[in-house]
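User: I would like to learn how to read burial, contacts and cores in a protein model. Please take me through one case.

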Amino acid sequence: QKVSHGMESDLKLRVSVYDVVLDGVPCTKVNNGTVKDGYGAFWTGVQIEGNQEISFFTCGLCIYNAKEMPGAVFRSVLEIPMENPLTFLSVQNAISCLSNSYTNGAYDLLNCNQNHFSREFTYLLTNHYLPSWVTNISFFATTICRLG
């Protein structure tokens with residue numbers, strides 16, 4: 001489902017990638033080794049202009065300062081290509097479209113997390129998915145759980 005675009009000024013969309021912190025230890029060293037194989041333990045947040053990001057947590061959709069996701073260590077920013085101008089209206093439409101799926105209590109580590117939200121939100125706004133190395137860990141883990 002493509003989101004309609006309004007006539008406001010163009011905005012920029014970036015996705016911040018974070019190394020997950022497990023038991024107080026960032027997964028940075030592990031991710032440095034696994035990213036070349038196409039996966040890692042990452043979280044993501046979508047930044048639209050300015051200094052704030054939106055992501056999905058156990059409490060639902062949250063806004064926080066860019067590069068300061070709780071429980072994670074900032075790694076890098078991805079510039080997402082734009083096919084259409086990004087406007088405040090298109091952002092509002094995308095949030096509205098996803099708001100029923102990403103509610104308080106819907107969070108699931110493997111099936112409905114920050115990366116799933118960022119992937120869908122980014123796609124609705126740009127018609128581009130996040131790179132697979134950012135989102136593959138959920139796919140691998142879900143596959144292993146189903147096989148086990």
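**Reading a predicted model**

Analyst: D19 is buried, its relative accessible area being 2%; buried means under 20% relative accessible area, exposed over 50% and partly exposed in between (1.4 Å probe, protein chains only). The model is predicted, so local features need pLDDT of at least 70 and side-chain atom pairs count only at pLDDT 80 or more, while totals for chains, interfaces and linings use all residues. Residues are numbered from 1 along each chain as its sequence is written, and side-chain values use heavy atoms, with hydrogens and water left out.

User: Where does D19 lie, and which side chain does it join through a polar contact?

Analyst: A polar contact is a pair of N or O atoms within 3.5 Å; within protein, one must be able to donate a hydrogen and the other to accept it, and residues adjacent in sequence count only if both atoms are side-chain atoms. D19 belongs to strand 1, strands being DSSP runs of E with at least two residues and helices runs of H or I with at least four, numbered from the N terminus. The side chains of D19 and N31 share a polar contact of 2.6 Å. Setting aside residues up to four places away in sequence, D19 touches C27, T28, N31, A41, F42, A72, V73 and R75, where contact means heavy atoms within 4.5 Å.

User: How should one read a nonpolar core, and how many residues has the largest one?

Analyst: In soluble globular proteins, nonpolar side chains tend to be buried together. A nonpolar core is a set of buried Ala, Val, Leu, Ile, Met, Phe, Trp, Tyr and Cys residues joined through side-chain atoms within 4.5 Å. Here the largest has 23 residues, and L13, I48, F121 and L125 have the most contacts inside it. At least two residues each come from strand 1 (13-22), strand 3 (42-48), strand 4 (52-57), helix 2 (88-98) and helix 3 (114-126). Helix 3 contributes the most, four residues. Apart from this core lies another, of nine residues, including V20, C27, C62 and Y64.

User: How many disulfides does the structure hold?

Analyst: A disulfide is a covalent bond between the sulfur atoms of two cysteines. With the criterion of two cysteine sulfur atoms within 2.5 Å, the structure holds zero disulfides. C27 counts as buried at 10% relative accessibility, and C112 is buried at 13%.

User: What is the order of elements along the protein chain?

Analyst: From the N terminus on, the order is β-β-α-β-β-β-β-α-α-α, with four helices and six strands.
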